[in-house]
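Work through the following exercises with the sequence and the structure side by side, and try each task before reading its solution.

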Amino acid sequence: MDGCFGYHELKALQELINPPKDDSDSENDLPQAGARKLGPGDIGSQNGTSRKLAGPHAPLKPEADDIWHPSEAVTSQSSEAHDPREVPEYEMKFKQAVSAEDVFLGMGFKTPGSASCEWLSVSVKMPKETREKIELSVETEAIDVRSPRYRLHLETPYPVDPNASSAKWHDNTSTLVVTLRLVRELDHVNF
């Protein structure tokens, strides 16, 4: 009788397809001291079953319509909040070096997104200022431009290399153009 199954083979197949109820995935494995299996309906506030939490697990009381509690907000202690100087108008642009194979053939790995850009250009318009009165400080995550009339502390969206950056002053438009070399974790893979 080739191709026919006996009683024991069919019973084994039934146990594979439909396991017995004493399997380890059952709800009976939970401790019986009031524990229960949670589901999607348990998300959110529970009606009538409020737990009193104390210590670090106590819920924070919101103030009015605040999104964050003041203790959750990161505060930056900087002197720019108390500086009476005007914040100049500025513009940030991403730049990338492309070749003919990137533009016409699409053979490179570059995309139009900012992840494929190597440079960040920051143009700061400072009317009625001269180059001699401007101080520029470039750090890995921020630039600081100061003059008697203006002050700009600007955090960069990506870390930069201060030693590979440059700045140029345009007298006719009273604009300082700072070109910053971006330094990201996966730049050696992308370029």
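## Exercise 1: An aromatic pair

Phe94 has a relative accessible area of 34% in this predicted model, and residues count as buried under 20% and as exposed over 50%, so Phe94 is partly exposed.

**Task.** Determine which residue forms an aromatic pair with Phe94, and describe the geometry of that pair.

**Solution.** Begin with the count: the structure holds 1 aromatic pair. The partner of Phe94 is Tyr158, with 6.1 Å from centre to centre and 70° between the planes. Planes over 60 degrees apart count as edge-to-face, and the pair of Phe94 and Tyr158 is accordingly edge-to-face. Next, place both residues in the chain: Phe94 belongs to strand β1 (residues 89-95), whereas Tyr158 is found in the loop between β5 and β6, so the pair ties together parts that are 64 residues apart in sequence. Finally, turn to the accessibility of the partner: Tyr158, at 25% relative accessibility, counts as partly exposed.

## Exercise 2: The largest nonpolar core

**Task.** Find out which strand gives the most to the largest nonpolar core, and which residues Ile134 touches.

**Solution.** The largest nonpolar core has 16 residues, and those that touch the most other members are Val122, Val124, Met126, Ile134, Val145, Leu176 and Leu180. At least two residues of this core come from each of β2 (119-125), β4 (142-146), β5 (151-155), β6 (160-170) and β7 (175-182). The strand that gives the most is β7, with 4 residues. For Ile134, once residues up to four places away in sequence are set aside, the residues touched are Met126, Val145, Arg146, Ser147, Trp169 and Leu176.

## Exercise 3: From a sheet to a loop

**Task.** Establish the strand order of the open sheet of 3 strands, and then decide whether Ser147 is buried or exposed.

**Solution.** The order of the open sheet is β3-β4-β5, with antiparallel pairing. Its edge strands, each of which pairs on one side only, are β3 (135-138) and β5. On average, and with direction ignored, neighbouring strands of this sheet are turned by 5° against each other. Between β3 and β4 there are 4 bridges, and Val138 stands opposite Ile143 in β4. Moving on to the loop between β4 and β5, one meets Ser147. Its relative accessibility is 3%, and Ser147 therefore counts as buried. Apart from neighbours within four places in sequence, Ser147 is in contact with Arg85, Met126, Glu129, Lys133 and Ile134.

Technical notes: Residues are numbered from 1 along each chain as its sequence is written. This is a predicted model: local features need pLDDT of at least 70, side-chain atom pairs count only at pLDDT 80 or more; totals for chains, interfaces and linings use all residues. Side-chain values use heavy atoms; hydrogens and water are left out. A nonpolar core is a set of buried Ala, Val, Leu, Ile, Met, Phe, Trp, Tyr and Cys residues joined through side-chain atoms within 4.5 Å. Buried means under 20% relative accessible area, exposed over 50%, partly exposed in between (1.4 Å probe, protein chains only). Contact means heavy atoms within 4.5 Å. Two strands pair if DSSP finds at least two bridges between them. Axes are lines fitted to C-alpha atoms, for helices over the stretch in contact, and angles run from 0 to 180 degrees between N-to-C directions. Rings of Phe, Tyr and Trp (its six-membered ring) pair if their centres lie within 6.5 Å; planes under 30 degrees apart count as stacked, over 60 as edge-to-face and the rest as tilted.
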